[in-house]
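Q: Please take a close look at the strand pairing in this chain. A connected account is requested, beginning at an edge and ending with the overall setting.

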Amino acid sequence: MSYLAGARRRLRAAFGLGLVPRMTEDIAAARLRDPAARSNAEVFWLYPGVHAVWWYRLANKLWRRRFFFLARAISQAARAATGVEIHPGATIGRRLFIDHGMGVVIGETAVLGDDVMLYHGVTLGGRSTKLEKRHPTLGNGVLVGAGAVILGPITIGEGSSVGAGAVVVRDAPARSVLTGIPAKAVPINAPDAASDDFYIDPAIYI
């Protein structure tokens, strides 16, 4: 018993506490943001975007402990299984939801706040080959529409929405709507829309 207790303590020290509560939170976030989600079981078993986030968390723990090869191996296996590529070095907050999932790429130095939502085909990419901050930062509650590309070490302010197919290469203030190529930022008309009604279809801004 003492050996098992010690093993549990080591696992908790390595991978953190609250695994089940965090997974439950992710499932609840998916059900909140996807009206097609009919049950917790459906999200748990059948949502590749949720699975990709869970695999990322494991890979990120290993990355931060300098098990770089193993972390990358896990992230590549997750990519093959889910169609979502999240570099294990990225920094991601709570309740990230990736809807549909396929084709999403999140680079090594990307930073995502809490309650971010990404649709399929989103790229959070870099514009430099130097060992520096080269990927975007997304504030809390940012929504990014299908096929949008956000490039470079720019910051998208909290509560903003990026329209489908937009190409963003400049900073945007909080509570902005960004559309076009290159994307232009305009204020969200209803100041509290992003927080009060999180599920916003980016197509309405096109």
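A: In this predicted model, β1 and strand β4, which spans residues 105–106, run parallel and are joined by two bridges. Within that pairing, E85 has V105 of β4 as its bridge partner.

This pair belongs to an open sheet of five strands, whose order is β1-β4-β7-β10-β13 and whose pairing is parallel. The sheet is bounded by β1, residues 85–86, and by β13, residues 167–168; as edge strands, each of these pairs on one side only. β4 therefore lies between β1 and β7 in the strand order, two strands being counted as paired if DSSP finds at least two bridges between them.

A further pairing involves β14 and β15. Strand β14 covers residues 176–179 and strand β15 covers residues 184–187; four bridges link them in the antiparallel sense. One of the facing positions places L178 opposite A185 of β15. The two strands form a hairpin, with four residues separating β14 from β15. In the turn, G180 adopts a positive phi of about 95°.

As for the setting of these elements, the chain contains six helices and 15 strands. It has 206 residues, of which 44% count as buried. Among the contacts in the chain with a separation of 6 or more, 35% come from residues 24 or more positions apart. The exposed area of the chain is about 10,900 Å², and carbon and sulfur atoms supply 60% of that area.

Note on methods:
Residues are numbered from 1 along each chain as its sequence is written. This is a predicted model: local features need pLDDT of at least 70, side-chain atom pairs count only at pLDDT 80 or more; totals for chains, interfaces and linings use all residues. Side-chain values use heavy atoms; hydrogens and water are left out. Buried means under 20% relative accessible area, exposed over 50%, partly exposed in between (1.4 Å probe, protein chains only). Contact means heavy atoms within 4.5 Å. Accessible areas come from the Shrake-Rupley method with a 1.4 Å probe; for residues, only the protein chains shown count as cover.
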